[in-house]
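Hi there,

Here is the structure I promised to pass on. Please have a look at it, and then read on for my notes.

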Amino acid sequence: MFMSNVDYEYTELERLLSQEKWKEADEETARCMLQVAEREQEGWLKVEDIERFPCIDLRTIDQLWVQYSNGKFGFSVQKTIYHNLGGTREYNGEVYEAFNNEVGWCPEGQLLLYSDLDFSLDEHYMGYLPGCALKVDVWYVKLGWLSDGVFSRGWYLVSSLSERLLDYNI
């Protein structure tokens, strides 16, 4: 039984991860997070949703990803990368760009569509997953990362999730 503040069952996520069905697990993670945050109708998360997201549920999702990827994927892996690059709650375009490049979301400055991604474990960077499915084909719009045509809101989401994980020692 997995821990959840909202009595959410993570058995399907565990099943997909245990079978190394990374794309399906990423999509299930998005579905889980949207349901827990009560944002299914909108289909995307705001910074406020991440800041209110139950710590126990974040920990459960992260632990499943870390366990089944042998430490390659997970929110805590992303947090470590972000902070090692100098990431904080203060916006720094260079750090944000380096983070996106480091995890492979925007390699060499090239924005990839979800449909262009390869989900084989061997091809991925550390910290690559989870998170892509929340972006769907127009990644940044689905996550709320585009604001007046700029990517600065993406930084707020990465930063908010990272700080949330730090606050709860995840």
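Below is what I found, starting with the whole chain and then moving to particular places.

Please keep in mind that this is a predicted model. The protein has eight helices and zero strands, so to speak an unbroken run of α along the sequence: α-α-α-α-α-α-α-α. Of its 170 residues, 50% count as buried. The accessible surface of the protein comes to about 8,500 Å², and carbon and sulfur atoms hold 46% of that area. If you take the contacts between residues at least 6 apart in sequence, 64% of them join residues at least 24 apart.

The part I spent time on is helix 4, which covers residues 55–68. Helix 4 has 14 residues and reaches 20 Å from its first C-alpha to its last, close to the 20 Å expected at 1.5 Å a residue. Its buried residues are Cys55, Asp57, Leu58, Thr60, Ile61, Asp62, Leu64 and Trp65. As background for reading that list, an α-helix has 3.6 residues a turn, so residues three or four places apart point the same way. Just after helix 4 comes asparagine 70, with a positive phi of about 55°.

How does helix 4 pack against helix 5? The angle between the two is about 90°, and their axes are 7 Å apart. That makes helix 4 roughly perpendicular to helix 5. On the helix 4 side, the contact is made by Leu58, Ile61, Asp62 and Val66; helix 5 brings Phe75, Ser76 and Val77. Three of these names will be familiar, as Leu58, Ile61 and Asp62 are also among the buried residues of helix 4.

Next, the aromatic rings. The count comes to four aromatic pairs. In one of them, the ring centres of tryptophan 22 and phenylalanine 73 are 5.5 Å apart with the planes at 80°, so this pair is edge-to-face. Tryptophan 22 lies in helix 2 (residues 22–36), while phenylalanine 73 sits in the loop between helix 4 and helix 5 (75–84), so the pair ties together parts that are 51 residues apart in sequence. Both tryptophan 22 and phenylalanine 73 are buried. Phenylalanine 73 also pairs with tryptophan 65, again edge-to-face, at 6.1 Å centre to centre and 70° between the planes. Tryptophan 65 is buried too. Taken together, Trp22, Trp65 and Phe73 form one aromatic cluster.

Finally, some backbone details that you may want to look at on screen:

- Leucine 129 and proline 130 are joined by a cis peptide bond, with omega about 0°. Proline 130 is placed in the loop between helix 6 (93–103) and helix 7 (139–142).
- Glutamate 20 is not a glycine, yet has a positive phi of about 55°. This residue is found in the loop between helix 1 (11–18) and helix 2. Glutamate 20 counts as partly exposed, at 47% relative accessibility.
- Glutamate 38 likewise has a positive phi, near 55°, in a residue other than glycine. Its place is the loop between helix 2 and helix 3 (47–52). With a relative accessible area of 66%, glutamate 38 is exposed.

If you open just one view, I would pick the cluster of Trp22, Trp65 and Phe73.

Best wishes

Notes: Residues are numbered from 1 along each chain as its sequence is written. This is a predicted model: local features need pLDDT of at least 70, side-chain atom pairs count only at pLDDT 80 or more; totals for chains, interfaces and linings use all residues. Side-chain values use heavy atoms; hydrogens and water are left out. Helices (H or I, at least four residues) and strands (E, at least two) are DSSP runs, numbered from the N terminus. The expected span of a helix is 1.5 Å times one less than its number of residues. Buried means under 20% relative accessible area, exposed over 50%, partly exposed in between (1.4 Å probe, protein chains only). Contact means heavy atoms within 4.5 Å. Accessible areas come from the Shrake-Rupley method with a 1.4 Å probe; for residues, only the protein chains shown count as cover. Rings of Phe, Tyr and Trp (its six-membered ring) pair if their centres lie within 6.5 Å; planes under 30 degrees apart count as stacked, over 60 as edge-to-face and the rest as tilted. Axes are lines fitted to C-alpha atoms, for helices over the stretch in contact, and angles run from 0 to 180 degrees between N-to-C directions. Angles under 35 degrees count as roughly parallel, over 145 as roughly antiparallel, 65 to 115 as roughly perpendicular and the rest as oblique.
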